[in-house]
Amino acid sequence: MIIKRAAWRVAKPVVLIAEELSPATLDALGPDFEVRNCDGADRSQLLAELARGVDAVLIRSATKMDAQAIAAAKGLKVIARAGVGLDNVDISAATAAGIMVVNAPTSNIVSAAELAISLLLASARFISPAHAALRSGKWARSQYTGTELFEKTLGIVGFGRIGQLVAHRMQAFGMNVIAYDPYLQPARAAQLDVKLVDLDELLRSSDFITIHLPKTKETANLIGVEALKKVKPSVHIINAARGGVLDEVALYDAVVQGRVAGAGLDVFATEPCTDSPLFTLDRVIATPHLGASTDEAQERAGIAVAVSVRKALAGELVPDAVNVKGGVIAEEIRPSLPLVEKMAQIATELLGEVPVHIDIQVRGEIAVHDSSILAISALKGALIAVGAEEVTYVNAPGLATERGMTSVVATTPDSAEYRSMISLHAATGSGKSITVDGTLMGIKQTQKIIGIDSFSLDLPPTAHILFLRYVDHPGVIGTVGHTLGQANINIAGMQVARASAGGSALMALTVDSEVSDVLLASIKRETAAESVRTVVMVD
């Protein structure tokens, strides 16, 4: 099986900026890209620009990268959302198309926390209706008597990064903080001097409640009719997270009936929202989804996704990619990713069949790091070897599942001959199997294939490699060299390994150009080799 090497792209990668981003975003992208602009909210303009061919698109919340837009995009590799929420991106469609989706998950956490606190303070002291009354000529001091935060209980629903920032800041106001989060360990909360409780206890005990949860099937209307029957009538409820977690109809009824003292809202079930019964109530403070609307947050988001785009288009994995398994990649593991891809290509080519299972054993010093991403590296390499097109770290798991392929990674500190090494064992459904060993050598982390099955090698995985399996006998080396020479194919390196004199042998040659199927057949016939295969490495 011969895979043609992809042509080198000379033109600069194209980045489409579909919404207004900070100047720092362009600075972070740098000069290595052709930057185009369009109004992403204009559907026809967006689709036309995507159809022209772009490598990456940078968006905020107004641009809908749905299945239609993704299907229209020619050559798209990255969708970058300069912000946190991804409601406007069809992640499933992007993943199926091999397109990486990245966001800036930490860019607005300070801004979002500060806005939640602002709403809490404004609700506690009725700042918005008091200000409106004063502007209309009313001095209504007695009408807007508020409540102090000091020594009150703040209940935080969802104790992630933003919730923890809110807790830290509100403790400075002398508040007692409790939290509900079924996924957080109590020990982590205890480190922050916060007590984890169940939702019912939080509802019963809190003087103020602030919500910091994403909207999912499990959290939709979590704070709804039944929950609002359990709260104190003096409670103030803040939602600056996601609309739909707090039932707006139930909240309206509770405020009108005096079962909730006040609320501060920045998000709504349907946005934009300009006509809600809640807006008629003095006891409800509302803002138009301003959580991330600070200069600092927008700049951080733009810079973060620009850096992610640079990494993605350079072929690197991106920690903020939401549809790539593996999470943050340890620096010690990163150099092994292309090595394992090449090992899997070699294994698949030598098997001559699609492997149904690949086991990767990580040995030695690097075994202390999380190397689970290497499972995807192996699948990617095997898929490339069988001719799958446009294989990426995004879509490799799905493509492998379609072909019945699986891959697992195990680690051990034991490595007898090398500081670190990786063994890849691939097996087919017909019972054939092969083991390829590899390592990274020296300061430059030079890739080496150091073993195939029981044969020891010291082989760089170059563009063109020729492998022969045969029974050891005189004249094979000369025959191979003569045949390649007659075809004007230069041999860059050659290694021969054998089990014993006259026993099984393996010859590996790195050559400067492709070896045709006709020439392979000739070499096999003239050497009486068991198998002759060529591997054309695809990066």
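Me: What makes up the largest nonpolar core, and which residues have the most contacts inside it?

Reply: The largest nonpolar core has 73 residues, and Ile346, Leu424, Ile452 and Phe467 have the most contacts inside it. Helix α13 (residues 336-351) gives the largest share of this core, nine residues. A second, separate core has 29 residues, among them Val157, Val197, Val231 and Val245. A nonpolar core is a set of buried Ala, Val, Leu, Ile, Met, Phe, Trp, Tyr and Cys residues joined through side-chain atoms within 4.5 Å.

Me: What kind of model is this?

Reply: This is a predicted model; local features need pLDDT of at least 70, side-chain atom pairs count only at pLDDT 80 or more, and totals for chains, interfaces and linings use all residues. Residues are numbered from 1 along each chain as its sequence is written, and side-chain values use heavy atoms, without hydrogens and water.

Me: Which residues is phenylalanine 467 in contact with?

Reply: Contact means heavy atoms within 4.5 Å. Beyond its neighbours within four places in sequence, phenylalanine 467 is in contact with Ile346, Leu350, Ile452, Leu459, Leu506, Met507, Ala508, Ser531, Val532, Arg533 and Val535.

Me: What are the radius of gyration of the chain and that of a compact globule of 539 residues?

Reply: The chain has 30 Å, whereas a compact globule of 539 residues would have a value near 24 Å. The radius is taken over C-alpha atoms, and the globule rule is 2.2 Å times the number of residues to the power 0.38. Along the principal axes, the C-alpha atoms fill a box of roughly 105 × 50 × 40 Å.

Me: How many helices and strands does the chain have?

Reply: The chain has 17 helices and 22 strands. Both are DSSP runs, numbered from the N terminus: helices are H or I with at least four residues, strands are E with at least two.

Me: Why is serine 407 called buried or exposed?

Reply: Buried means under 20% relative accessible area, exposed over 50%, and partly exposed in between (1.4 Å probe, protein chains only). Serine 407 has 16%, so it counts as buried. Its place is in strand β14 (residues 406-412).

Me: What makes the links from the side chain of serine 407 to isoleucine 358 and alanine 375 polar contacts?

Reply: A polar contact is a pair of N or O atoms within 3.5 Å; within protein, one must be able to donate a hydrogen and the other to accept it, and residues adjacent in sequence count only if both atoms are side-chain atoms. The serine 407 side chain reaches the backbone oxygen of isoleucine 358 at 3.5 Å. A polar atom of that side chain lies 3.2 Å from the backbone oxygen of alanine 375. Both distances fit the limit, so both pairs count.

Me: How do you know whether serine 371 is buried or exposed?

Reply: Serine 371 has a relative accessible area of 3%, so it is buried. Serine 371 sits in the loop between β13 (355-364) and α14 (374-385). Setting aside residues up to four places away in sequence, serine 371 touches Ile333, Val362, Val409 and Thr411.

Me: Why does the pair of phenylalanine 268 and phenylalanine 279 count as stacked, tilted or edge-to-face?

Reply: The structure holds one aromatic pair. The ring centres of phenylalanine 268 and phenylalanine 279 are 5.6 Å apart and the planes stand at 90 degrees, so the pair is edge-to-face. Rings of Phe, Tyr and Trp (its six-membered ring) pair if their centres lie within 6.5 Å; planes under 30 degrees apart are stacked, over 60 edge-to-face, the rest tilted. Both residues lie in the loop between β11 (262-265) and β12 (284-286), so the pair ties together parts eleven residues apart in sequence. Phenylalanine 268 is buried at 6%, whereas phenylalanine 279 is partly exposed at 34%.

Me: What kind of peptide bond joins glutamate 271 and proline 272?

Reply: The bond is cis, with omega about -5 degrees. Proline 272 also lies in the loop between β11 and β12. Most peptide bonds are trans, and most residues other than glycine have a negative phi.

Me: What is the phi of histidine 289, and what is that of aspartate 453?

Reply: Phi is near 55 degrees for histidine 289 and near 50 degrees for aspartate 453. Each is a positive value in a residue other than glycine. Histidine 289 is partly exposed, at 33%. Aspartate 453, in the loop between β17 (446-452) and β18 (455-459), is partly exposed, at 33%.
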